[in-house]
Amino acid sequence: MALTGARVTIGRSSSNDIVLDDPAASRRHALLERLAAGWWIHDLGSLNGTLVNGKPVHREAPLYSGDEIMVGETKIVYRSDATATAG
């Protein structure tokens with residue numbers, strides 16, 4: 001799925017941009033936000049937390065191409081076109 005816009009929400013609720021069928025995910029679990037420096041992830045106070053490459057996101061963390069994001073029991077791999085085409 002391509003990330004479009006400035007903000008993308010992830011969670012179980014149907015009001016999210018990315019809806020997960022994962023009982024370990026919170027209704028509104030995490031937020032992806034496009035900033036000048038690239039995409040960042042924010043944990044939205046989820047019960048089980050959000051991990052990037054196995055490390056907890058305490059407030060926010062930058063994302064780099066290939067990063068593995070865990071939301072509940074769902075793994076999401078972040079891919080950046082900018083990184084993929086840089087050379």
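**View 1. The side chain of His29 reaches the backbone oxygen of Gly49 at 2.8 Å.** This close-up comes from a predicted model. Another partner to look for is Ser46: its side chain and that of His29 make a polar contact at 3.2 Å. Along the chain, His29 belongs to the loop between strand S2 (18-19) and S3. Is His29 buried or exposed? With a relative accessible area of 0%, His29 counts as buried, because buried means under 20%. Leaving aside neighbours within four places in sequence, the residues in contact with His29 include Ile10, Ala24, His42, Leu44, Thr50 and Val71.

**View 2. The largest nonpolar core has 16 residues.** Start with Leu32, Ile41, Leu63 and Ile69, the members that touch the most others in this core. Which strands each supply at least two residues of this core? They are strand S1 (7-11), strand S3 (30-35), strand S4 (38-43) and strand S8 (68-71). Now zoom in on Ile69: beyond its neighbours within four places in sequence, Ile69 is in contact with Ile41 and Leu63, and its other contacts include Thr50, Val52, Ile76 and Tyr78.

**View 3. Side chains alternate along S8.** Follow this strand one residue at a time. Ile69 and Val71 point to one face and are buried. Glu68 and Met70 point to the other face, and these two are not buried.

**View 4. S8 pairs with strand S5 (residues 50-52) and with strand S9 (residues 74-77).** The pairing of S5 with S8 is antiparallel and runs over three bridges. Here you can find Thr50 opposite Val71 in S8. The pairing of S8 with S9 is also antiparallel, and four bridges join these two strands. In this pair, Met70 stands opposite Lys75 in S9. How many residues lie between S8 and S9 in their hairpin? There are two, and Gly72 in the turn has a positive phi of about 65 degrees.

**View 5. Stepping back, the chain comes to one helix and nine strands.** Read along the sequence, the pattern is β-β-β-β-β-β-β-β-β-α, with the helix at the end. The C-alpha trace spans about 40 × 25 × 20 Å along its principal axes. A compact globule of 87 residues would have a radius of gyration near 12 Å, and the chain agrees because its own value is 12 Å. Buried residues make up 36% of the 87 residues. The chain exposes about 5600 Å², and carbon and sulfur atoms supply 50% of that area.

Technical notes: Residues numbered from 1 in each chain as written. Predicted model: local features only at pLDDT ≥ 70, side-chain atom pairs only at ≥ 80, totals over all residues. Heavy atoms only, no water. Core = buried A, V, L, I, M, F, W, Y, C linked by side-chain atoms within 4.5 Å. Buried < 20%, exposed > 50% of the residue type's maximum accessible area, 1.4 Å probe, protein only. Contact = heavy atoms within 4.5 Å. Polar contact = N/O pair within 3.5 Å; in protein donor to acceptor, adjacent residues only side chain to side chain. Pairing = 2+ DSSP bridges. Rg over C-alpha atoms; globule rule 2.2 N^0.38 Å. Areas by Shrake-Rupley, 256 points an atom, 1.4 Å probe, with all protein chains shown as cover.
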